[in-house]
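Biologist: Got a minute to go through this model with me? I'd like the reasoning behind the labels, please.

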Amino acid sequence: MLAGFFIIYISPTSPDYFLYSVVGNIIFWSSLLLFLLKTILRRPLHYLKKGKLALAIFFSYLSVHYVVYSIVLERLLTGLYGILFTVTSPFITFSFTPLYPETLYTAAMNLVFNPAIAGGFPPNYYFELSLYAMVMGLIIAILVTGNIMRVLEISSRMKRAKVILIAPLLGIIGGGSCCISIPILLTTVIPAANSLLFLPIGDTALFLAYILLPPITAIGLKLNYDALFPKPPKEFRIVSNNVIKSRK
């Protein structure tokens, strides 16, 4: 990850900005994803091996996250600044935005926005997914799948208490839709809120929401997943250890 970030940092002054940025981003995000899959996401990822239901949940959420979140954010920007372009025919392309000068802030923005897959279809719908957005979507999809499969697993063992599981299940659905629901609320449910985004602080809030919502959602889903594996009370563990020692 450090090597990838260093390559991104020097990319503005490198012989080939595009190549350095793409290689640096791939090294950084693939290293981070591999680390998470072997540590924090190892247990939720295990559920993807448990049949077609888990795979269906995973790919369904992943599709919704990628398509809806990207398009809704674009529609939000269009509502604020007007129609910036017109899509006359469907297209998909590889997007890259050079950022200057060579600073830590520029490198961080390069990590978030470059490179990206962009596309559009009539009348004026446009989507753009950077490596950051794709990796975060993958992480959240794994956690959503793990949470739902764990709830279903508990449900199969607690046939008389399934109503208790409604709360964690709703929590998973609500948490997983966090990245999608907030932009939708801003653009459709509460149109008056858009006026706040015309202020300088509004642009900053929108920018921070795009960057911070996915990791916050992932953290919440991981905490919810861990809560579905309750540990015995500390007092019980102490008593159990004493009983084992006394028997020896």
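Modeller: Sure, here are the helix crossings, a pocket and two peptide bonds, one at a time.

Modeller: It's a predicted model, where local features need pLDDT of at least 70, side-chain atom pairs count only at pLDDT 80 or more, and totals for chains, interfaces and linings use all residues. Residues are numbered from 1 along each chain as its sequence is written, and side-chain values use heavy atoms, with hydrogens and water left out.

Biologist: What makes helix 1 and helix 2 roughly antiparallel?

Modeller: The axes of helix 1 (residues 2-10) and helix 2 (residues 17-38) cross at roughly 160° and come within 7 Å. Angles over 145 degrees count as roughly antiparallel, so that label fits the pair. The helices are DSSP runs (H or I, at least four residues; strands are E, at least two), numbered from the N terminus. Axes are lines fitted to C-alpha atoms, for helices over the stretch in contact, and angles run from 0 to 180 degrees between N-to-C directions.

Biologist: Which residues make that contact?

Modeller: Helix 1 brings G4, F5, I7, I8 and I10, and helix 2 brings Y20, S21, G24, N25, I27 and F28; contact means heavy atoms within 4.5 Å. By class that's 7 nonpolar, 4 polar and no charged residues. Ala, Val, Leu, Ile, Met, Phe, Trp, Tyr, Cys and Pro count as nonpolar, Asp, Glu, Lys and Arg as charged, and the others, Gly among them, as polar.

Biologist: And why is helix 1 called roughly perpendicular to helix 5?

Modeller: Their axes cross at roughly 115° and come within 9 Å. The range for roughly perpendicular is 65 to 115 degrees, which means helix 1 gets that label against helix 5. F5, I8 and Y9 of helix 1 meet L104, A107, A108, N110 and L111 of helix 5.

Biologist: What is the make-up of the second largest pocket's lining?

Modeller: Its residues divide into 12 nonpolar, no polar and 1 charged. Helix 2, helix 6 (131-157) and helix 9 (200-227) each supply at least two lining residues.

Biologist: Where are the cis peptide bonds at P101 and P115?

Modeller: Y100 and P101 are joined by one, with omega about -5°, and P101 is in the loop between strand 1 (91-95) and helix 5 (104-113). The bond from N114 to P115 is also cis, with omega near -25°; P115 is in the loop between helix 5 and strand 2 (116-121).

Definitions and conventions. Parallel < 35°, antiparallel > 145°, perpendicular 65-115°, else oblique.
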